[in-house]
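Work through the exercises below with the sequence and the model at hand. Each task is followed by a stepwise solution.

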Amino acid sequence: MIALIKQLVFGDKCLQHDHSNPLLTFQFPNILHLEGTYAILRPRLLFWIQIATLIFAQAVIAISLATVIYKFIIKQRGSSLSFLIGWGFVVPFAVAFPFY
């Protein structure tokens, strides 16, 4: 399932290979080292689909982690199981997940 989403949604590298024609092109003079030619490109729908997919995936993971925290840590506050799940699962997952 994840491989299919990765292939369908993230197969196109929107930010790395954009060969579209710019809508507007302008030049900056040498003010604050911004000298050069810049262009404004039209918005790409696939880019916004990729962003929405990432936000949805992050929301699902956050809801899952919040459910585990509520059921096993907050409801069983002070027990050894709550400390074990908190320090053995939740904290390592929350630290390692952004790098995955």
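Buried means under 20% relative accessible area, exposed over 50%, and partly exposed in between (1.4 Å probe, protein chains only). The model is predicted: local features need pLDDT of at least 70, side-chain atom pairs count only at pLDDT 80 or more, and totals for chains, interfaces and linings use all residues. Residues are numbered from 1 along each chain as its sequence is written, and side-chain values use heavy atoms, with hydrogens and water left out.

**Exercise 1.** Locate L34 and assign its exposure class.

Step 1. Helices (H or I, at least four residues) and strands (E, at least two) are DSSP runs, numbered from the N terminus. L34 sits in the loop that runs between β1 (24–28) and β2 (36–40).

Step 2. The relative accessible area of L34 is 38%, so L34 is partly exposed.

Step 3. Contact means heavy atoms within 4.5 Å. Leaving aside residues up to four places away in sequence, L34 touches F28 and P29.

Step 4. F28, I31, L32, L34 and Y38 make a nonpolar surface patch of about 500 Å². Patch members have over 30% relative accessible area and no salt bridge; like charges are joined within 9 Å, nonpolar side chains (Val, Leu, Ile, Met, Phe, Trp, Tyr) within 5 Å. A salt bridge is a side-chain nitrogen of Lys or Arg within 4 Å of a carboxyl oxygen of Asp or Glu. Areas come from the Shrake-Rupley method with a 1.4 Å probe; for residues, only the protein chains shown count as cover.

**Exercise 2.** Describe how α1 and α2 pack.

Step 1. Helix α1 (residues 2–10) and helix α2 (residues 45–74) have axes 10 Å apart, at an angle of about 150°. Axes are lines fitted to C-alpha atoms, for helices over the stretch in contact, and angles run from 0 to 180 degrees between N-to-C directions.

Step 2. That angle makes α1 roughly antiparallel to α2, a class for angles over 145 degrees.

Step 3. From α1, I5, V9 and F10 meet L46, I49, Q50, T53 and L54 of α2.

**Exercise 3.** Is L84 buried or exposed, and is I85 buried or exposed?

Step 1. L84 is in helix α3 (residues 80–96), and I85 lies in helix α3.

Step 2. L84 is exposed because its relative accessible area is 58%. I85, at 16%, is buried.

Step 3. C-alpha to C-alpha, L84 is 9.2 Å from I73, and I85 is 7.3 Å from I73.

Step 4. I85 touches V68, F72, I73 and V90, not counting residues up to four places away in sequence.

Note on methods. Angles under 35 degrees count as roughly parallel, over 145 as roughly antiparallel, 65 to 115 as roughly perpendicular and the rest as oblique.
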